[in-house]
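User: I'd like to go through the reasoning behind some structural labels. Could you walk me through them?

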Amino acid sequence: MASVLGSSHSSPSLSGLSSASTHASTRAALGLNGYPIIPDPLYTCSETLQLEGGPLVNSFGFPYRQIGDSAFPAFFLPSAVDKVKDEWTARSSDVFFVGASTNESLKTSLKKLTCALVEQLDDVDKVDTDWSRWVDAAVSRRGWGYIEALDEWPTRRCLETSCPPKNFPCRNSGIGDLVDACMAPRIAVFLSDPRWMLMTELECAGNKCLQNGYDVDPTFLTYLETAIDAESAKGLIFDGVRNSMAWAEAELRSPDRIRIFYVEDFMLQPEIAMRGLAKFLDVSSVSDATEKVVRQAETLCSKIKPFQERVAGDMNMYRSAEGYVVDFERQMAAAPSWMQSGWEQLLERWLQSPSPRMVAYAIDALAHQIYTSGAEWWPSHNARVCRPCLFFPRGTCKELDCSYCHGPGHAKHTKRPTRKQRDDRKKRYDRTPSPDIMRECIRDGAIKGY
Ligand SMILES: [Zn+2]
Ligand SMILES: [Zn+2]
C-alpha cells in the first residue's frame, strides 16, 4: 500500500514531467551556507536608471525614485516594489530587520545579531551579509526569481527593508488592518536619538554620492533644509524623523508583531537589549545559539562607545553616538534661526508620539541635552524585562538613584486596604441578593450594565 502511494505521489520520474519540476529543482538549490541560490542581477545599477522613466533628483541633487509617495534608492524599480507589496505573502515566522537611519557599521552588527538569533546560528560570522536579504532591492535588481528562490528557503528567514511602513514589501505586513495579526511577519525597527539619525542619514547620503560618482556633496545645511520641509523631504530616501512616527503608530496597533528597538540600549546594556530582542523574535532564550549570540553582542556593540569623551584620533572606525550629537548641536547652533525652528517643529511631532521613549528623546533634543532621559532603566524597560518601582507611579519614590524601573506605563499599585476595609468588602460580596430582588433592581435601573 505504502509503495503504491509512494510511486503515485512522489516518484521522481512523474514529478519531473509535471509543472512541479521547477520547484523540485530550486528546492535542491540551497547554497553551501544554507541560503537559497538566488538569480544574478538582471541589470547593473546604472542600467536600472534607464528603466521605467528613470529617477528624479532631490533638492540637494541626489537621485531617487518616487514610488507611491516615498523616495527609494535610484536603482529601485517601481514595478518590482509594487508587485512585491501587492503579491508576495511573507511567512508568519519571518522577521524583517528595519535598520532605519543608523550608522552603517552599527547597522551591519545589529543586522548580523538579529539574523543569528532568528536563524539560531551560534556565531554571527556564520551570517552571510553578502547574501541579499533586502527584499524590495533584490526584486528590483534580480526580478521575481528572487522571490521564488526565497520561498524555497525551508527555515526561519531574517529579511531586511528600509522602507516606511506604508510601502512595506509584502502583502501581509499587518501594518494596515487587512490581515489577521498572527499571520503577519515580525518587524524589528531600530531607532535612536533623532539628531543621531539625521547625522547618519547625512553621512549615508555623502557616502552614496562618493560610491556612485554623483557630483553632489550634501552638507549639514542642505540636508537639514530638505529634511525640515515636508514637501522637499519627500525626496529623502531616509526620512527618519517622520517615518519613525509612522512606526510608533504601527507598533501601538500591533505590539506583538512590530517593535521599536533603540540602538543606544544595545551599546549601553547589550545583554539586556539582546534578551529583549530574542523574546520579541520568539527564539529560545536558553539555546546554545542564543547564549553565544548574546555574548557576541557584548563584544560587537561595545566597539562603539556611545557616550564617552571623544579621544582625538579615535574616530577611524566608529564615531561615538555622542560624537554625532555634539557635532549636530554645534552645526545647528550656527544654522539660520528659521532652520532651527523648522527642526524644532519636526521634533514637536515626536512629543506627540505614542512611544514614550520617542517623547523622551524629543525632550532631550529640544533642550539640547545629551541623553539625560536615558535613564538606567530604559534598556530593560524597552526589553520588557524591568522590575517596576512600586513607589514611583504613586509619586512617592524618595530614592535618588532607585534601582527599580521608573519607566512609563507601569500599573499604579494602590496601598493594601486596611483589615476593616477588607472585612467590609468581604461581607458585601457574601450577601448575594435573591433573584427576585435582582430582577426588581434591574427593572428599576438600580444595577447598571444589564
Ligand atoms: Zn519598566
Ligand atoms: Zn523608584
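**Reasoning through the labels**

Analyst: Happy to. In this predicted model, helix α10 (residues 220-228) packs on helix α16 (residues 337-351) at an angle of about 50°, their axes being 9 Å apart.

User: Why are α10 and α16 called oblique to each other?

Analyst: Angles under 35 degrees count as roughly parallel and 65 to 115 as roughly perpendicular. The angle here is about 50°, and α10 and α16 are therefore oblique. The crossing of α10 past α16 is left-handed. On α10 the contact uses Leu-224, Glu-225 and Ile-228, and on α16 it uses Met-339, Gly-342, Trp-343 and Leu-346.

User: What makes up the contact of α10 with α16, in terms of nonpolar, polar and charged residues?

Analyst: Five are nonpolar, one is polar and one is charged. Glu counts as charged, and Gly is placed among the polar residues.

User: Now the sheet. Why do β1 and β3 stand at the edges?

Analyst: The sheet is open, with three strands in the order β1-β2-β3 and antiparallel pairing. β1 (56-57) and β3 (70-73) each have a single partner strand, so each has one side without a neighbour in the sheet.

User: How do you know that β1 and β2 pair?

Analyst: Pairing requires at least two bridges, and β1 and strand β2 (residues 63-67) have two, in the antiparallel sense. Leu-56 stands opposite Tyr-64, and Val-57 has Pro-63 as its bridge partner. These strands form a hairpin with five residues between them, and Gly-61 in the turn has a positive phi of about 90°.

User: And what makes β2 and β3 a pair?

Analyst: They share four bridges, again antiparallel, where at least two are needed. Ser-70 in β3 is the bridge partner of Ile-67. Their hairpin has two residues between the strands, and Gly-68 there has a positive phi near 65°.

User: Which side chains of β2 are buried?

Analyst: Pro-63, Arg-65 and Ile-67 point to one face and are buried, while Tyr-64 and Gln-66 point to the other and are not.

User: What makes phi of Glu-52 worth a remark?

Analyst: Most residues other than glycine have a negative phi. Glu-52, in the loop between α4 (45-48) and β1, has a positive phi near 50°. Asp-282, in the loop between α13 (270-281) and α14 (288-302), also has a positive phi, near 60°.

User: Why do Glu-52 and Asp-282 count as partly exposed?

Analyst: Buried needs 20 or more other C-beta atoms within 10 Å, and exposed needs 12 or fewer. Glu-52 has 15 and Asp-282 has 14, so Glu-52 and Asp-282 are partly exposed.

Definitions and conventions
Residues numbered from 1 in each chain as written. Chains lettered and ligands numbered in written order. Predicted model: local features only at pLDDT ≥ 70, side-chain atom pairs only at ≥ 80, totals over all residues. Axes fitted to C-alpha atoms, helices over the stretch in contact; angles between N-to-C directions. Parallel < 35°, antiparallel > 145°, perpendicular 65-115°, else oblique. Left-handed = near helix turned anticlockwise from the far one by under 90°. Contact = placed C-beta atoms within 7 Å.
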